[in-house]
Amino acid sequence: MKILPDLCLFCSDSCRTRAYLSAMIECGLLPSLIINLKIPSIAEERDKKIFETSLFNNFLEINSFAESHGIKIISIETDNINDHRIINQIKSITQKTLIFSIPGQILGAAYFFFPIRYIHIHPGKLPDYRGSTPIYYSVLAERKIEATAIFLEKRIDEGAIIAKKEFPKPSNMLTIDLEYDPWIRAQLLKVVLSSLDKEKKLHTTSQTQIKGETYYIIHPVLKCLALGLKNS
Amino acid sequence: MYSNESWESFLDLYTNNRELVCKQIVDKRKPITRDDQFIFPPFSEAFKSVDIIDDLTKCEQFTENSLRYLHLMAQKLETTKKILENYPSISPHEVDISSYIKLSYSFSKHAYSSLNLKILNVLLKLNDKLIFYKNSWLGSSTEFLMFHSLSNEMNSIKKIKKVL
């Protein structure tokens, strides 16, 4: 295992984070710091369900992971990701590249006032599918699933693109939310980590401001269609 | 409306619910539309009055300009759940439900003709709410618009099912 001194994982306990930790183990590249937020949110509550999946180790526990690999961990309890305590903590760290893994939370403008880059893996093709639940919209419109790695910016999903990857539809579409979505993000994260390790500098492509669509949380009827469910 | 339903039975519940509401609507006459080029105000005026919604309801076909308004309304509704920026001082609490019905009908026309997923998504959400408040509009002068909105919505879903 190789520790990347400039890399920090900024996360909360979720399926996505557990998929990311699994991916880091698989590619042998680990962060030198983990900032673990304990933040009550709907996404967190849903993601707390721990179940077995063949796609990643969903039983990984953040503290044990950090301890077993000698990674420093900072845990913060908060009900607001934009709490100044967290922003000050981020400002004070030496790592300049953060992997963002806090479902359902949006970084406020204050996070972008200092020279830290936040890597986010969006489960949709950018700039075509910005916003919420892009997997389902993408399946409905193109029958495709794609993930895009970006650097976060103040404007949601409009940051520079680091990498993209297309994935097949899962055999069981009902696993998308808690298994397949975290897994595709983790697969792309491995590509990004590998580039970060080999090239030190990540090459990016800026998103054109004109092209692109922002989607809002999908209605359950459209979700059913994307899942391939039919009337009886 | 949909709570505690499994994904597998969800579409049945949706279809049954929508069909039941359509049966309860008495006035099913066809809305009158015109192919006039409606003149819309500048975007800065978009959310200040419901007049634009009246014009969108009457559009036979959406022009590039009217479509921009339709999308703007959809975005406004998705993000704020409202259709106006500031509510009229004489009625500070609610814009009349008929404005929401007119908007729903306008969304449905475009959703059916284009299968635009963003518009269909906001239409489904808006119609869920309007059905929840159906006692406020059943038997009213705008119930026929609601009938056509729900029909267009269900037909859009059928079209997507065929394509998939």
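## A tour of the chain A and chain B model

Start with the cysteines: over all chains, the count of disulfides (pairs of cysteine sulfur atoms within 2.5 Å) comes to zero. Before you click further, note that this is a predicted model, where local features need pLDDT of at least 70 and side-chain atom pairs count only at pLDDT 80 or more, while totals for chains, interfaces and linings use all residues. Residues are numbered from 1 along each chain as its sequence is written, chains are lettered from A and ligands numbered from 1 in the order in which they are written, and side-chain values use heavy atoms, with hydrogens and water left out.

**Stop 1: two cysteines**

Select Cys15(A). Why is Cys15(A) not bonded to Cys11(A)? Because the sulfur of Cys11(A), the closest cysteine sulfur, is 13 Å away, too far for a bond. Cys15(A) is buried, at 1% relative accessible area; buried means under 20%, exposed over 50%, and partly exposed in between, with a 1.4 Å probe and protein chains only. Now jump to Cys224(A), which is in no disulfide either: its nearest cysteine sulfur belongs to Cys22(B), 19 Å away. Cys224(A) is buried too, with a relative accessible area of 0%.

**Stop 2: Leu4(A)**

Go to strand E1 of chain A, residues 2-12, and pick out Leu4(A). (Strands, E, of at least two residues and helices, H or I, of at least four are DSSP runs numbered from the N terminus.) Leu4(A) counts as buried because its relative accessibility is 8%. Add Ser32(A) to the selection: it lies 28 residues from Leu4(A) along the chain, yet their C-alpha atoms are separated by 5.9 Å. Setting aside neighbours within four places in sequence, the residues in contact with Leu4(A) (heavy atoms within 4.5 Å) include Leu29(A), Leu30(A), Leu193(A) and Asp197(A).

**Stop 3: salt bridges inside chain A**

Side chains of opposite charge can pair when their charged atoms come close. The whole structure has 16 salt bridges over all chains, each being a side-chain nitrogen of Lys or Arg within 4 Å of a carboxyl oxygen of Asp or Glu. Show Asp181(A) and Arg185(A), whose side chains meet at 2.7 Å, N to O. They sit four residues apart in helix H6 (residues 176-199) of chain A, so about one helical turn separates them. Both Asp181(A) and Arg185(A) are buried.

Next, show Asp128(A) and Lys125(A), a salt bridge at 3.4 Å, N to O. Lys125(A) counts as buried, at 17% relative accessibility.

**Stop 4: across to chain B**

Which residue of chain B forms a salt bridge with Glu213(A)? Pick Lys118(B): the closest N and O atoms are 2.8 Å apart. This pair runs from helix H5 of chain B (residues 117-132), where Lys118(B) sits, to the loop between H6 and E9 of chain A, home of Glu213(A). Glu213(A) is partly exposed, at 33% relative accessibility. One salt bridge is found across this interface.

Now select the whole interface. Chain A puts 24 residues into the contact and chain B 23. Together the chains bury about 2300 Å², 68% of it on carbon and sulfur atoms; buried area is the accessible area (1.4 Å probe) that two parts lose on being put together, summed over both. Highlight Tyr216(A), His219(A) and Asn231(A), which supply 28% of the area that chain A buries against chain B, more than any other three residues.
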